[in-house]
Amino acid sequence: MKLRKLGQSDLNITSIGIGAWAIGGGEWKYAWGPQNDEVSIAAIRAGLEFGLNWIDTAAVYGLGHSETIVGRAIKGLRTRPYIFTKCSLVWDQDGNISNNLQAASIRREAEDSLKRLGIDTIDLYQIHWPSLNGSTEIISPGSIEEAVGAMAQLKAEGKIRNIGVSNFSASQMQRAASVAPITSLQPPYSLLARDVEDLILPFALKHRIGLIVYSPMASGLLSGAMTKERIAAFPEDDWRKHSPNFQEPLLSRNLRLVETLRGIGRRHNATPGEVAIAWTLKNPAVTGAIVGVRSPQQASGIAGAASVQLNASDLQEIERGLTRQAA
């Protein structure tokens, strides 16, 4: 699988990476429902066998559980994949999540992540959110500058290799970069989430900041495997059950878009989800896409996206599908 250089770092990554949000399991605020840990491990290893060379997780996924499972999945491997994880979201004994940008918290979180993952160095350490739930950043203890300063110290100590940010605006990236070099940004980006195209993607491209996008299949909605019946059967602790995109009136329109992707996929011997991922990878600012896998079968259904080459006609058809979807 062809490799892409992430920003100005020495990381050469596959255009698709393994996302470990869902494997955090159920019973926390942003869960995807319960998950079998052994199946999760098999899913990660299947993705690695398909040639994907990086895993993206976060401390908060499953309140530490995702990192633990990733650590188990990579233990004993002859060649370790790159490990990307995140800080700033912390939780109390009751599972209440808050955002903390203080240096002491960032350091403590990094130490805890290293233990759960069973590694000596995190390849990319990212600030998960500058603020939580749409609140202003100043509500979070600490600041972007303080957090990045702490990460720069961790880098100097060899505990992390690169500093990244997630869900940042262009101005917030600028502030972070004033403290230390920023390797990458992780924003949401898909056919159903294009807000970042106007300012954020051009900023990253101009400043040679790598871009790894999350939810390129809109949290599975564009995968081609989603139906109204399946969504209705989601467990109550699957956050998607309450997302507007998974509810009417948007749901029917989104599923019609999937049929457009399915038709294009037939011409490329690809699934609708692979077409949706390939669409994000066509943007010149995008280095790679994070795709969550919960089973080995899902891993086999997304790895081919890296080889899907959408042409001008395909892109025009997708845009027409989006126009119809919005009508």
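How much area does the protein expose, and what share of it do carbon and sulfur atoms supply? The exposed area comes to about 14,000 Å², and carbon and sulfur atoms account for 52% of it. What is on screen is a predicted model, and every value in this tour was computed from it.

**The whole chain**

Begin with the complete protein in cartoon view, where 11 helices and 12 strands can be picked out. The radius of gyration is 19 Å, close to the 20 Å that the globule rule gives for 327 residues, so the protein is as compact as a globular protein of that length. If you align the view with the principal axes, the C-alpha atoms fill a box of roughly 50 × 40 × 40 Å. Colouring by accessibility will show that buried residues make up 56% of the 327 residues. Among contacts between residues at least 6 apart in sequence, 75% join residues at least 24 apart. If you colour by charge instead, the 34 positive and 31 negative charges have mean positions that lie 6 Å apart.

**The nonpolar cores**

Next, select Val70, Tyr125, Leu222, Ile277 and Ile318, which are the residues with the most contacts inside the largest nonpolar core, a set of 85 residues. Apart from this core lies another, of 10 residues, and Leu11, Tyr82, Phe84 and Ile212 are among its members. In soluble globular proteins, nonpolar side chains tend to be buried together.

Now centre on Leu222 and display its surroundings. With residues up to four places away in sequence left out, Leu222 touches Leu191, Leu192, Pro216, Met217, Asn254, Leu257, Val258, Leu261, Pro272, Gly273 and Ala276.

**Helix α2**

Move to helix α2, residues 65-74, of whose 10 residues seven are buried, so that the helix is largely enclosed by the rest of the structure. The buried residues to select are Ser66, Glu67, Ile69, Val70, Gly71, Ala73 and Ile74; Val70 was already met as one of the residues with the most contacts inside the largest nonpolar core. To see what covers the buried residues of α2, show the elements that include α1, β4 (54-56), β5 (82-87) and α3 (103-117). Following the chain past the helix brings you to Gly76, whose phi is positive, near 85°.

**Strand β9**

Strand β9 covers residues 163-166, and Ser166 belongs to it, as does Ile163. Select Ile163, which is buried with a relative accessible area of 2%. Leaving aside neighbours within four places in sequence, Ile163 is in contact with Leu124, Tyr125, Val148, Met151, Ala152, Ala180, Pro181, Ile182, Thr183 and Ser184. For a sense of scale, draw a distance from Ile163 to Gln309: the two are 146 residues apart in sequence, and their C-alpha atoms are 31 Å apart in space.

Is Ser166 buried or exposed? At 1% relative accessibility, Ser166 counts as buried. Its contacts, not counting residues up to four places away in sequence, are with Ile127, His128, Trp129, Pro130, Leu185, Gln186 and Tyr214. A second distance, from Ser166 to Leu322, spans 26 Å between C-alpha atoms, with the two positions 156 residues apart in sequence.

**Phe50**

Now select Phe50, in the loop between α1 and β4, where a relative accessibility of 42% makes the residue count as partly exposed. Phe50 touches Met1, Ala299, Ser300 and Ala303, again with residues up to four places away in sequence left out. Phe50 and Ile302 are 252 residues apart in sequence, yet their C-alpha atoms are 9.8 Å apart in space.

**Backbone details in loops**

The last stops concern backbone geometry. Which residues does a cis peptide bond join? The bond lies between Glu248 and Pro249, with omega at about 10°, and Pro249 is found in the loop between α7 (228-232) and α8 (250-268).

Then select Glu27, in the loop between β3 (16-19) and α1 (37-49). Although Glu27 is not a glycine, its phi is positive, at about 65°, and with 76% relative accessibility Glu27 counts as exposed. Finish at Arg208, in the loop between α6 (200-206) and β11 (210-213). Arg208, which is not a glycine, has a positive phi of about 55°, and a relative accessible area of 54% makes Arg208 exposed.

Key:
Residues numbered from 1 in each chain as written. Predicted model: local features only at pLDDT ≥ 70, side-chain atom pairs only at ≥ 80, totals over all residues. Heavy atoms only, no water. Core = buried A, V, L, I, M, F, W, Y, C linked by side-chain atoms within 4.5 Å. Buried < 20%, exposed > 50% of the residue type's maximum accessible area, 1.4 Å probe, protein only. Contact = heavy atoms within 4.5 Å. Helix = DSSP H or I, 4+ residues; strand = E, 2+ residues; numbered from the N terminus. Rg over C-alpha atoms; globule rule 2.2 N^0.38 Å. Areas by Shrake-Rupley, 256 points an atom, 1.4 Å probe, with all protein chains shown as cover. Lys, Arg positive; Asp, Glu negative; His and termini not counted. Charge placed at Lys NZ, Arg CZ, Asp CG, Glu CD.
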